[in-house]
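Student: I am new to this structure and would like a close look at a single part of it. Could you walk me through how two of its helices pack together?

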Amino acid sequence: MNQVFDIEPYRVTQQPFYLPQGNEIELYEAAYAARLPVMLKGPTGCGKSRFVEYMAWKLGRPLITVACNEDMTASDLVGRYLLDANGTRWLDGPLTQAARHGAICYLDEIVEARQDTTVVIHPLTDHRRTLPLDKKGELVSAHPDFQLVISYNPGYQSLLKDLKQSTKQRFTAFDFDYPTSDLETKILAEETGLDAELAGKLVKIGVAARNLKGHGLDEGISTRLLVYAATLIKGGIAARDACRMALVRPITDDADIRATLDHAIDATLG
Ligand SMILES: Nc1ncnc2c1ncn2[C@@H]1O[C@H](COP(=O)(O)OP(=O)(O)OP(=O)(O)O)[C@@H](O)[C@H]1O
Ligand SMILES: [Mg+2]
């Protein structure tokens with residue numbers, strides 16, 4: 001017996017706030033029209049998940065998101081038999097649910113999953129568009145509206161954790177990066193209501209920190225953290241404190257780098 005699955009909670013009913021960085025909306029629409037799988041690459045907090053939410057809303061498709069991790073097994077994606085009072089019962093995993101119901105399935109941080117887990121997406125992401133449920137003895141044909149989207153942060157993963165070429169070459173791909181300063185200022189202002197002048201200063205601090213990447217910082221300050229700082233300031237926290245708390249403390253424990261960033265904050269805020 002299959003469980004009854006309700007897709008309604010997965011509908012994106014409110015328009016997510018998303019400012020495009022280029023022609024990614026058009027390109028994504030073309031990929032979706034052809035039902036091609038999509039891979040989003042880019043550093044943490046630069047807008048990948050927000051973009052997928054926006055596209056799911058725009059295309060009117062439900063969105064099922066799975067955060068991948070190294071303990072995840074193929075069954076976590078595909079489904080498993082459960083034992084209950086009435087005997088065994090099959091429970092579809094999120095990938096199977098998305099394939100059956102025509103949702104967009106978003107596998108976040110796909111490289112974290114083990115390769116034996118990753119290969120379950122192969123038949124779904126080529127001309128077959130099928131998902132074999134080996135344990136159940138069923139071959140699910142994907143709903144015509146189903147699409148698979150994966151994301152990952154290239155760079156700070158070890159080479160060992162990279163995706164196999166046979167996985168990569170099933171996807172179209174988008175390179176994401178932090179928005180340009182003007183755009184990022186607008187994002188901060190519109191997302192949090194902070195005035196544009198102060199938003200611009202936060203962005204300047206972000207840019208300064210991004211230049212330290214590879215010189216003591218593994219990763220620059222993300223748009224997400226800038227949004228945090230802006231939110232704290234809007235909530236009444238002094239800009240200096242908000243910046244230290246949201247922009248500096250999370251990203252480094254190195255005393256020298258902290259001092260450099262704190263100095264940049266003081267200099268920029270004036
Ligand atoms: N283009 C954009 N339009 C609107 N908001 C944006 C945009 N880019 C980034 N943001 C803001 O940045 C935040 C972080 O973005 P998001 O969660 O999409 O990052 P991500 O790339 O998925 O990061 P991770 O790889 O860590 O999951 C969003 O919550 C949003 O506030
Ligand atoms: Mg994300």
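Tutor: Happy to! Let's begin with a term: a crossing of two helices is right-handed if the near helix is turned clockwise from the far one by less than a right angle, and left-handed if anticlockwise. Please keep in mind that this is a predicted model. In general, two packed helices are described by the angle between their axes and the distance between the axes.

Our pair is H8, which spans residues 196–210, and H11, which spans residues 255–269. Their axes come within 10 Å and cross at roughly 150°. Angles over 145 degrees count as roughly antiparallel, so H8 and H11 are roughly antiparallel to each other. As for the handedness we started with, the crossing of H8 and H11 is right-handed.

Now look at the residues that meet. From H8 come Leu198, Lys201, Lys204, Ile205 and Ala209, and they face Leu261, Ile265, Thr268 and Leu269 of H11. By character, the residues of this contact divide into six nonpolar, one polar and two charged.

While you are in H11, find aspartate 262, which also has its place in that helix. Is aspartate 262 buried or exposed? Buried means under 20% relative accessible area, so aspartate 262, at 13% relative accessibility, counts as buried. Setting aside neighbours within four places in sequence, aspartate 262 is in contact with Arg244, Val248 and Arg249. Right beside Arg244 in the numbering you will find cysteine 243, which is buried too, with a relative accessible area of 0%.

How values were computed:
Residues numbered from 1 in each chain as written. Chains lettered and ligands numbered in written order. Predicted model: local features only at pLDDT ≥ 70, side-chain atom pairs only at ≥ 80, totals over all residues. Heavy atoms only, no water. Buried < 20%, exposed > 50% of the residue type's maximum accessible area, 1.4 Å probe, protein only. Axes fitted to C-alpha atoms, helices over the stretch in contact; angles between N-to-C directions. Helix = DSSP H or I, 4+ residues; strand = E, 2+ residues; numbered from the N terminus. Parallel < 35°, antiparallel > 145°, perpendicular 65-115°, else oblique. Contact = heavy atoms within 4.5 Å. Nonpolar A, V, L, I, M, F, W, Y, C, P; charged D, E, K, R; others polar.
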